[in-house]
Amino acid sequence: EWGYTKKNGPYTWHKHFPIARKGLRQSPINIVPRKAEYDDALTGIPLWVFYREEDDVMLENNGHSLECQITQLGYLTGGPLGNKLFRLAQFHLHWGADDTRGSEHTIDWKQFAAELHLVHWNTKYGSFAEAVHKSDGLAVLGVMIKSGVENPVFSVVSDNLGGLIQPHSEDTIPFSLDPTDLLPGDIRAYWTYEGSLTTPPLFESVQWIVFKEPVEFSPSQLDALRRLIDSDGNQMQDNFRPPQPLKGRQVRASFQ
Ligand SMILES: O=S(=O)(O)/C=C/c1cc(Br)ccc1O
Ligand SMILES: [Zn+2]
């Protein structure tokens, strides 16, 4: 089973998933703001997020991340997606053993303490499973997380991880959460590029949209994530893939 240790981590994934090294659009990447190309077409069609509040939050420790399965109908469109309609399937996170690392995307090589991924699939394919390996199948919103004040919305999750410590455990917590409230205040400023899933099977099916504005989690909220156990029986931390070669791709910016 793949993971993030020396034995089964990102530098070994190519053995079972050759696309890890052979792929032309692998993620994450290092984003260089001054080399990103401002594209006024992106500002022409604002990014539209239409999420609904999840009444009960369905959480899963899937062995390599903490995932929240979305049951409500939530949609994303606009920006680099044009008039294509994408449906929110789940969100999950990647984080470090300490605040100096944890994000997957880096900005001028700066790593944040964690990164939130909101995973959407193109509704023209009818289901996530059909969309996951199509070149225009997925859109993932990436939110950088830095250590700071408590995030009151995420505390619904971080305060209720008692039943999720063991790998492959699930728990529905009797609280509501609107995924919109996990996004940064300004979602007009982002970088976007064509990439892949950052975990095996590493399908090259993702339009990445990485917001410029980070959000904050408190040290204790980050520590709550680090207490989860992964499928190798270790503390779940440093569950991030390092940046991958750009291979000629152009990163576009929605702002100047
Ligand atoms: O946002 S990523 O970490 O690239 C998504 C990975 C991912 C892979 C599979 Br397979 C299913 C759901 C997922 O969210
Ligand atoms: Zn992810």
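**Strand E13 and a zinc site**

User: Hi! Which strand is joined to E13 by five bridges?

Analyst: Hello! This is a predicted model, and in the model strand E10 (residues 138-147) is joined to E13 by five bridges, with the two running parallel.

User: Which residue of E13 stands opposite Val 140?

Analyst: Val 140 has Trp 208 opposite.

User: And how does E12 pair with E13, parallel or antiparallel?

Analyst: Strand E12 (residues 190-195) pairs with E13 in the antiparallel sense, over six bridges. Here Trp 208 turns up again, as the bridge partner of Tyr 193.

User: Is E13 mostly covered or exposed?

Analyst: Mostly covered: six of the six residues in E13 (residues 206-211) are buried.

User: Which residues sit on each side?

Analyst: Val 206, Trp 208 and Val 210 lie on one side, with Gln 207, Ile 209 and Phe 211 on the other, and all of them are buried. As background, side chains in a regular strand alternate between the two faces of the sheet.

User: Cool. New topic: which histidines coordinate the zinc ion (ligand 2)?

Analyst: His 92 and His 94 each use NE2, while His 117 uses ND1, at 2.0 to 2.1 Å. Along the chain, the donors are spaced H-x1-H-x22-H. His 94 in strand E7 (residues 86-95) and His 117 in strand E9 (residues 114-122) are 23 residues apart, so to speak a link between distant parts of the chain.

User: Are those two buried or exposed?

Analyst: Both His 94 and His 117 are buried.

User: Why is the zinc arrangement tetrahedral?

Analyst: Because the four donor atoms around the zinc ion (ligand 2) subtend angles of 97 to 122 degrees, and tetrahedral requires all angles to lie between 85 and 135 degrees.

Definitions and conventions: Residues numbered from 1 in each chain as written. Chains lettered and ligands numbered in written order. Predicted model: local features only at pLDDT ≥ 70, side-chain atom pairs only at ≥ 80, totals over all residues. Heavy atoms only, no water. Buried < 20%, exposed > 50% of the residue type's maximum accessible area, 1.4 Å probe, protein only. Helix = DSSP H or I, 4+ residues; strand = E, 2+ residues; numbered from the N terminus. Pairing = 2+ DSSP bridges. Donors = N, O, S within 2.8 Å, 3.2 Å for Na, K, Ca; no water. Tetrahedral: all angles 85-135°; square planar, octahedral: opposite > 155°, others 65-115°.
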